[in-house]
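User: Got a minute to walk me through this one? I'd like the overall picture, then some details.

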Amino acid sequence: MSGWEIDAIGVQGVLNTTIEAAEEIEPWGEGYGGNLESAIRSAGTLAFAGQEVPEVGLVGAALAEWAGITQEDVAYVAARAGASLQGAYDATVAYLEGDLEMAAEAQGKALETPEIDLNPDPDDGAEHGTVDGG
């Protein structure tokens, strides 16, 4: 007895439900940067008579700073979710194939902290803002 008791049909149901939920929120994640950029530009400025109107106002500057601080967190959430889904799938497949060592490895890999690269080297062929689920 391995100590593992996986209900493959149950795992499939949970994965399918989770993937459907992720697909519903995916457009939000894709629009995050564009929406923030639009809000930064549209937040308005404050200029007194005779002064040059700044390109971005105080609210826009605060939004830009907040976006910079939270960008990696947003990417991490997506990477963590993807790694968890893939790990659950991989571990279940390995379990069903009788490879308990591979199942344990897949489970452990799913728990690793994903690496987030918001500024990848353009010479390595990676896209901007890529993540590696570990």
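Analyst: Definition up front: helices (H or I, at least four residues) and strands (E, at least two) are DSSP runs, numbered from the N terminus. This is a predicted model, where local features need pLDDT of at least 70, side-chain atom pairs count only at pLDDT 80 or more, and totals for chains, interfaces and linings use all residues. Residues are numbered from 1 along each chain as its sequence is written, and side-chain values use heavy atoms, with hydrogens and water left out.

User: What is the order of elements from the N terminus on?

Analyst: The order is α-α-α-β-β. That comes to 3 helices and 2 strands.

User: Where does Lys109 lie?

Analyst: Lys109 lies in helix 3, residues 100-110. Its C-alpha is 9.5 Å from that of Gln86, 23 residues away in sequence.

User: Is Lys109 buried or exposed?

Analyst: Neither; Lys109 is partly exposed, because its relative accessibility is 44%. The cut-offs: buried is under 20% relative accessible area, exposed is over 50%, and partly exposed is in between (1.4 Å probe, protein chains only).

User: On to helix 2. What span should it have?

Analyst: Helix 2 covers residues 58-96, so at 1.5 Å a residue its 39 residues should span 57 Å. The rule is 1.5 Å times one less than the number of residues. The end C-alpha atoms are 57 Å apart, which agrees.

User: Where does helix 2 bend?

Analyst: At Thr70, by about 40°. That is the angle between axes fitted to the seven residues ending there and the seven starting there. Thr70 is also buried. Just after helix 2, Gly98 has a positive phi of about 85°.

User: What does Arg80 touch?

Analyst: Leaving out residues up to four places away in sequence, Arg80 touches Ala110, Leu111, Glu112, Thr113 and Pro114. Contact means heavy atoms within 4.5 Å.

User: Which side chain of opposite charge is nearest to Arg80?

Analyst: Glu112, 8.0 Å away. Lys and Arg count as positive, Asp and Glu as negative; His and the chain ends are not counted. Arg80 is buried yet has no salt bridge. A salt bridge needs a side-chain nitrogen of Lys or Arg within 4 Å of a carboxyl oxygen of Asp or Glu.

User: How many salt bridges are there by that rule?

Analyst: The count is 1. Glu37 pairs with Arg41, with the closest N and O atoms 2.9 Å apart. Both are in helix 1 (residues 8-42), 4 residues apart, so about one helical turn separates them. Glu37 is partly exposed at 48%, and Arg41 is exposed at 55%.
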